[in-house]
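Take a look at the structure below. We will walk through it one piece after another.

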Amino acid sequence: MFVLHIALQGCLRGDDVVYGLTADTGGHIRYLLDLVAASAQDRDVTRIVVATRRFTGPLGAAYAVPEERLSDKATLVRLVSASPDYRVKEEMHAEVACFADNLVAWIAAQDRAPDLIHAHYADAATVAALVEDRLGIPFVFTAHSLGQVKAMMLGASPVRPDLARRIATEEDALARAHLVIASSRDEAEVQYAGYDAYDPGRVRVLPPGSDLARFAAARPHPRVDAAIDRFLHDPAKPTILALARPVARKNLAALVRAYGESAALRARANLVIVAGTREDIDTLDGDMAETMRDLLVLIDRYDLYGRIAYPKTHRPEDVPAIYAYARDRGGVFVNPALNEPFGLTLLEASAAGLPLVATDSGGPNDIVETCGNGLLVDPRAPGAIAAACLRILGDPALYARCVAGGARAAATYDWDRHAARYHGLLRDLLAPQPVAPPTRQLLVCDIDNTLIGCEAALGIFRRWRSRQAGLAFGVATGRSFHSAMAVLEQQESPRPQVMITSVGSEIYHLDGNGVTYTVDLAWRQTIAAGWNRAGVHDALCGLDGLVPQGPLEQRALKLSYFGDAAVARRVRDLLDEAGLPARVIHSHGRYLDVLPTAASKGTAVDHVRALYALPEHAVFVAGDSGNDIEMLRVRTQAIIVANYSDDLASNAALQHSYVARRTHARGIIEGVSHFRRMLAHVG
């Protein structure tokens, strides 16, 4: 497989990248270079080329070199475009047409064309679309950051002309890309959702990896220590550390305000801000000069001299030592960005042994939820930032738990795992799809603790599924589509033909390409009738013992909470008294979902059965917990796996179910075999 990456923004080179050299030279370059390095390890990937702009000028002669070898398989190619000079992202649109022409000419000169193009940022997607129009090469898209998110952060109305153009370009990219690769659920489910071209079934969440081993082994360096200590009266105090480019989106000013306005935090810790590399503030690119001036004004306003360090330069190889500096002083790493698409620095700091205080907007939601390595805060609330830092610094048990979460980060955010999933998707996109045999039966099962939970059982299920001609396979889960898809692909589950997600409130069908999915709009319209989401939300607001789950678990047709069985009864009674029709589903003793009355896993399965035109006896369902009851009780061929919870086997409404002797996916196979034998006997 020959993969061509297009990346137009920033100062891209194979090594010694000077991050922060320009406002566009940031995390997306690190992402791309690490992805290429991981991809090159795959035997099926024969060639990788990264195409970027060639330019001259004071930023360095390296960016005018036509070709740079990255590895045995990978090459960086720099092509000329309309301007010979560096272009900031706001001006990049003027380079697109010329760059596309030259890229088409370059491809024509190769022994063979790329199999697939991966575009990074929307202007690159425009180039990829032009190439696809002329050469027929499909492309996938990674946005890295989005104009709509920036426009919301700025809060200006009307939207700036350059941002409006960028948003329109992103709309085109989302409409044209065969697959969109996101780094987090927030990006996939919230940030993209504001675009007209948003199609959730064409978005996959693939968290990037990081070279965390070198950060886990981070050690202090005397030169780095000296560069920071020279600012501070008491360098031995705990360190509040931030490491980010000095651009408005990174919101470093809020961290300085948080520190300056909290006497307790100033007494407890020093603040260290490593904000890129600069020789002279006046020569900084984009809004970096203004951001640095704002920081200096705030430092002076709060008289933070001797308590805050802001070194002018650092080398890429210094970063582990910077984290080690803060770790050895019992410090905390803070990312106060208004929005963080992913947050590689969070993983690095966590691997180095630092607890995190991070923005609740973007990728940090996934990282902190997965690893338990810090606290999330509203980045617009300096008081909340200060309070979170003080809470971690003042609670040794919490500090230790956050540090322990760093080990989970290394296992979860791994480039080899990312590359394996990424290449699997690319191969599937390129592979012709076989003609599926007619569907004669349908199996729908829960995911967590039913389909997955035992690696050996899932391996057996995978082989069993491959031999089941005519059996359509689906899942029904409380997870969102993107959360479900991520865990299924991570576990190498067979790809479902139908996905019933968010406790039955959403249905997705596998497309003909075998990779992307289409949302079932008819189902959405059916269950939305009579649903008063705002009324239900207001009626339950403030109910004692009812705690809302995180923002990503709230959907247009689902509200999700934590609460015990007694709280669930009060919720039902309260909604009945208010005359608000809704279905309340309680599971695992603590999860509580409120849905439209027509929505459940059971009604969703019946909708799918009707689409496949199958009789009742051709449908099997399998589950393990309370949120599967609606699906199990209405199907005659219901399977309860042996590792069930919520006392399912004793539930009077489920006495018709087959309770398997085996757990997890083995129990699913056992149950299907049982009912097939019964059908054969009756026949």
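Helix 1, residues 27-39, is mostly covered. Of its 13 residues, 11 are buried in this predicted model. Read along the helix and you meet His 28, Ile 29, Arg 30, Tyr 31, Leu 32, Leu 33, Asp 34, Leu 35 and Val 36, all of them buried. Ala 38 and Ser 39 are buried too. An α-helix has 3.6 residues a turn, so residues three or four places apart point the same way. The length of helix 1 can also be checked. At 1.5 Å a residue, its 13 residues should span 18 Å. The C-alpha atoms at its ends are 18 Å apart, so the expected span agrees with the model.

Now move to a loop. Lys 89 sits between strand 4 (74-79) and helix 2 (96-108). Which residues does Lys 89 touch, not counting residues up to four places away in sequence? They are Gln 9, Asp 24, Asp 123, Lys 150 and Arg 166. Asp 282 is 193 residues from Lys 89 along the chain. In space, the C-alpha atoms of these two residues are separated by 20 Å.

Another loop holds Ala 218. This loop runs between helix 7 (212-216) and helix 8 (222-229). Is Ala 218 buried or exposed? Its relative accessibility is 1%. Buried means under 20%, so Ala 218 counts as buried. Leaving out residues up to four places away in sequence, Ala 218 touches Pro 320, Ala 324, Arg 327 and Ala 352. Tyr 325 is 107 residues from Ala 218 along the chain, yet their C-alpha atoms are separated by 9.2 Å.

Next comes Arg 421, in helix 17 (residues 415-430). At 12% relative accessibility, Arg 421 counts as buried. Where does its side chain reach? The side chain of Arg 421 comes to 3.2 Å from the backbone oxygen of Val 205. Beyond its neighbours within four places in sequence, Arg 421 is in contact with Val 205, Leu 206 and Pro 207. Its contacts also include Met 485, Ala 486, Glu 489 and Gln 490.

Now find the sheet. It is an open sheet of eight strands. Their order is 19-18-17-16-15-24-25-26, and the pairing is mixed. Strand 19 (517-519) and strand 26 (658-659) stand at the edges. Each has a single partner strand, so one side of each is left without a neighbour in the sheet. At one of these edges, strand 26 runs parallel to strand 25 (residues 638-640), and two bridges join them. Ile 640 has Val 659 in strand 26 as its bridge partner.

Strand 16, residues 471-476, also belongs to this sheet. How many of its six residues are buried? Six of the six are, and the strand is mostly covered. Leu 471, Phe 473 and Val 475 point one way from strand 16. Ala 472, Gly 474 and Ala 476 point the other way. Residues on both sides are buried.

Strand 16 pairs with strand 15 (residues 441-445) in the parallel sense, over five bridges. Cys 445 has Val 475 in strand 16 as its bridge partner. Strand 16 is also joined to strand 17 (residues 498-501) by three bridges, and these two strands run parallel. Here Ala 476 stands opposite Ile 500 in strand 17. Follow the chain from strand 16 to strand 17 and you pass through helix 19 (residues 481-490). This β-α-β crossover is right-handed. Strand 15, helix 18 (residues 455-466) and strand 16 also make a right-handed β-α-β unit.

Another helix meets these strands. Helix 23 (residues 601-611) lies across strands 15, 16 and 17, as well as strand 18 (506-510) and strand 24 (619-623). Helix 23 runs at about 35 degrees to strand 18.

Two loop residues finish the walk. Asn 449 lies between strand 15 and helix 18. Although it is not a glycine, Asn 449 has a positive phi of about 70 degrees. With a relative accessible area of 35%, Asn 449 is partly exposed. Ser 502 lies in the loop between strand 17 and strand 18. Ser 502 is not a glycine, but it has a positive phi of about 50 degrees. Is Ser 502 buried or exposed? At 1% relative accessibility, Ser 502 counts as buried.

Note on methods. Residues are numbered from 1 along each chain as its sequence is written. This is a predicted model: local features need pLDDT of at least 70, side-chain atom pairs count only at pLDDT 80 or more; totals for chains, interfaces and linings use all residues. Side-chain values use heavy atoms; hydrogens and water are left out. Buried means under 20% relative accessible area, exposed over 50%, partly exposed in between (1.4 Å probe, protein chains only). Helices (H or I, at least four residues) and strands (E, at least two) are DSSP runs, numbered from the N terminus. Two strands pair if DSSP finds at least two bridges between them. A crossover is right-handed if, with the strands pointing away from the viewer, the path from the first strand over the helix to the second runs clockwise. Contact means heavy atoms within 4.5 Å. Axes are lines fitted to C-alpha atoms, for helices over the stretch in contact, and angles run from 0 to 180 degrees between N-to-C directions. A polar contact is a pair of N or O atoms within 3.5 Å; within protein, one must be able to donate a hydrogen and the other to accept it, and residues adjacent in sequence count only if both atoms are side-chain atoms. The expected span of a helix is 1.5 Å times one less than its number of residues.
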